[in-house]
Amino acid sequence: MLVFRYVTTALAFATLGMSAPALANESVYTDLNLDRCQTIAADDMGASMKCKGYKNYPIYFSEGDLRQSVLYGPVRAELIEGAFESFGAFNHVNTKVEWRLDDSGKPFAAILRWFIENVGDTGMPTKEAEGQVLVIARVAQPDDGLSCVVGYVDALSNANANELARQVADNEARDFACGYQEGMWVGKRGEKTSEQTHVWPEGLTGE
């Protein structure tokens, strides 16, 4: 049985070492259209694809065993081939990506909603049992090639879920050490979320 975690925003920031919110950043939105993505590899269990993102920052989407993973920006080849951050339960992503831009217009973080396909009373996933999680990720930059999950916000249990997700993005994503740190839950977490899963290529760190 999941343990409920009730964390105030201030306490969450303190626990994560987060400072007060940074200067206001801008958001832009793009659509993730899987029908228009370039297939990199495919098998009976799923596929990996390169999709249009924001300007010259692509999206790398992968699916395996009815679970999905997303990376952003000019990602290292090792990550495209070997990284997979998702949830234990079956899941799928939304089609609208929010990009957080710095004052130069460069995207440094991305926020995407995940739908958690929890099993209902019938033994099959149901809409009533479905969870929703905002996943905040670091956007890879040309000089590092590192994209990974920074944090998670339960979109159903927090009335200010979008605000929380943007605060995590603005305060954590740029300096987040992919390969050393794992994304943390922020805010109130309910029972419709799923435990996150994390596969990272051996030997690849955030150095």
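Why is strand 4 (residues 57-64) largely enclosed by the rest of the structure? Of the 8 residues of strand 4, 6 are buried, so the strand is largely enclosed by the rest of the structure. Here, buried means under 20% relative accessible area, exposed means over 50%, and partly exposed lies in between, for a 1.4 Å probe and protein chains only. Helices (H or I, at least four residues) and strands (E, at least two) are DSSP runs, numbered from the N terminus.

The structure is a predicted model, in which local features need pLDDT of at least 70 and side-chain atom pairs count only at pLDDT 80 or more, while totals for chains, interfaces and linings use all residues. Residues are numbered from 1 along each chain as its sequence is written, and side-chain values use heavy atoms, with hydrogens and water left out.

**Pairing of strand 4**

Two strands are taken to pair if DSSP finds at least two bridges between them. Strand 3 (residues 46-54) runs antiparallel to strand 4, and 7 bridges join them. Within this pair, Y54 lies opposite Y57 of strand 4. Strand 4 also pairs with strand 5 in the antiparallel sense, over 6 bridges. There, F61 has V70 of strand 5 opposite.

**The two hairpin loops**

The hairpin of strand 3 and strand 4 has 2 residues between the strands, and the hairpin of strand 4 and strand 5 likewise has 2 residues between the strands. K55 is a residue other than glycine with a positive phi, and D65 has a positive phi although it is not a glycine. Their values are set out below.

| Residue | Loop | Phi | Relative accessibility |
|---|---|---|---|
| K55 | between strand 3 and strand 4 | near 50° | 65%, exposed |
| D65 | between strand 4 and strand 5 | about 55° | 39%, partly exposed |

**Y72 in strand 5**

Y72 belongs to strand 5 (residues 67-72). Its relative accessibility is 2%, and Y72 therefore counts as buried. With contact meaning heavy atoms within 4.5 Å, Y72 touches P58, I59, V97, W99, A110, L112, A137, V139, A140 and S147, not counting residues up to four places away in sequence. Y72 and K50 are separated by 22 residues in sequence, and their C-alpha atoms lie 9.8 Å apart in space.

In a regular strand, side chains alternate between the two faces of the sheet.
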